[in-house]
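Dear colleague,

Please find the structure below, handed over for your consideration. My findings follow directly after it.

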Amino acid sequence: MLRASKTITTHPQNLDMKVSPSLLSADFGNLSRDIDMINRSEADMLHLDVMDGVFVPNISFGFPVIQHVQRLCDKPLDVHLMIVEPQKFVGQVRDCGAAIMNVHVEACTHLNRVVQQIKDAGMQAGVTLNPATPVSMLADIVDQVDLVLLMSVNPGFGGQQFIPGTLRKVAQLRRLIADTGSKAVIEVDGGVNDITGQQLAQAGADILVAGNYVFKAPNPLEAIAKLKNL
Ligand code: DX5
Ligand code: ZN
């Protein structure tokens, strides 16, 4: 009884917090070892950041790497495309075995069509907002997507500082989801650690992406477990 009431008071929002470690902060010379750690961990999925040097000022990795990851990883793949014209790559993302394909609202002129293409390809459709893009941009699409990914840093690099205004956006998005009857879940990406993770859980986030906090931790398995049990 005591334990149950403590759980409810301490963890009001996130009894089922999901964690998506970002491979961007892994050791690329030891990918198999790091993915084996993910397989043994409590992580719910694995976040893969694709960058093109145009939409964001950095280049990460592409489809051959994701195919390799897919062969090694037991968890669903959560692919975050930070590229222009993501609609050109729906088939390739699907062929890499992605469960979720996230595209940036800022990169899609015909967002409704891209979302439909992702769903038609058998993946879950995620739409992503940069920190300066308002939640109101989603008003006419949120009821058609499976996931909204809120960036809590400017995309392009791991290890940046969390932007606190994201907490307000999570709460706004929660309201928009409720008002539109959307089934979308809320994922947050950038600067997540045990402190910002706790704040995000209280604001109503469903999934936390974490790169540096997991892969640079002395014990990554413990870091993942900590986010799962904020
Ligand atoms: C940033 C990427 C993130 C990044 C997060 O553009 O989208 O997924 O890996 O890294 P951390 O958790 O270190 O901020
Ligand atoms: Zn990401």
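I begin with a single residue: His47 has a relative accessibility of 0%, so this histidine counts as buried, the limit being under 20%. Please bear in mind throughout that the model is predicted.

His47 belongs to the zinc site. The protein donors of the zinc ion (ligand 2) are His47 through NE2, Asp49 through OD, His80 through ND1 and Asp189 through OD, and they lie 2.0 to 2.3 Å from the ion. Along the chain, these donors follow the spacing H-x1-D-x30-H-x108-D. The site thus joins distant parts of the chain: His47 lies in strand β2 and Asp189 in strand β7 (residues 185–189), 142 residues apart. Asp189 has a relative accessibility of 8% and therefore also counts as buried.

As to geometry, six donor atoms surround the zinc ion (ligand 2), and the angles they subtend run from 71 to 169°, which makes the arrangement octahedral. For comparison, the ideal angles for six octahedral donors are 90 or 180 degrees.

The second subject is the largest pocket, whose volume is about 320 Å³. Its lining comprises 28 residues, of which Gly158, Gly159, Gly190, Gly191 and Gly211 are the closest to the pocket centre. At least two lining residues come from each of β2 (46–51), β3 (77–82), β8 (207–210) and α8 (212–215). Sorted by class, the lining of this pocket holds 12 nonpolar, 14 polar and two charged residues.

Yours sincerely

Methods:
Residues are numbered from 1 along each chain as its sequence is written. Chains are lettered from A and ligands numbered from 1 in the order in which they are written. This is a predicted model: local features need pLDDT of at least 70, side-chain atom pairs count only at pLDDT 80 or more; totals for chains, interfaces and linings use all residues. Side-chain values use heavy atoms; hydrogens and water are left out. On a 1 Å grid over the protein atoms alone, a cavity is a set of points where a 1.4 Å probe fits but cannot get out, and a pocket is an open set with protein on both sides within 12 Å along at least five of seven lines; lining residues have an atom within 4 Å of a point. Grid points are joined across faces, edges and corners, and a volume is the space filled by probe spheres set on the points. Helices (H or I, at least four residues) and strands (E, at least two) are DSSP runs, numbered from the N terminus. Ala, Val, Leu, Ile, Met, Phe, Trp, Tyr, Cys and Pro count as nonpolar, Asp, Glu, Lys and Arg as charged, and the others, Gly among them, as polar. Donors are N, O and S atoms within 2.8 Å of the metal (3.2 Å for Na, K and Ca); water is not among the atoms, so sites may look incomplete. Four donors count as tetrahedral if all angles lie between 85 and 135 degrees; four count as square planar and six as octahedral if opposite donors are over 155 degrees apart and all others between 65 and 115; anything else is irregular. Buried means under 20% relative accessible area, exposed over 50%, partly exposed in between (1.4 Å probe, protein chains only).
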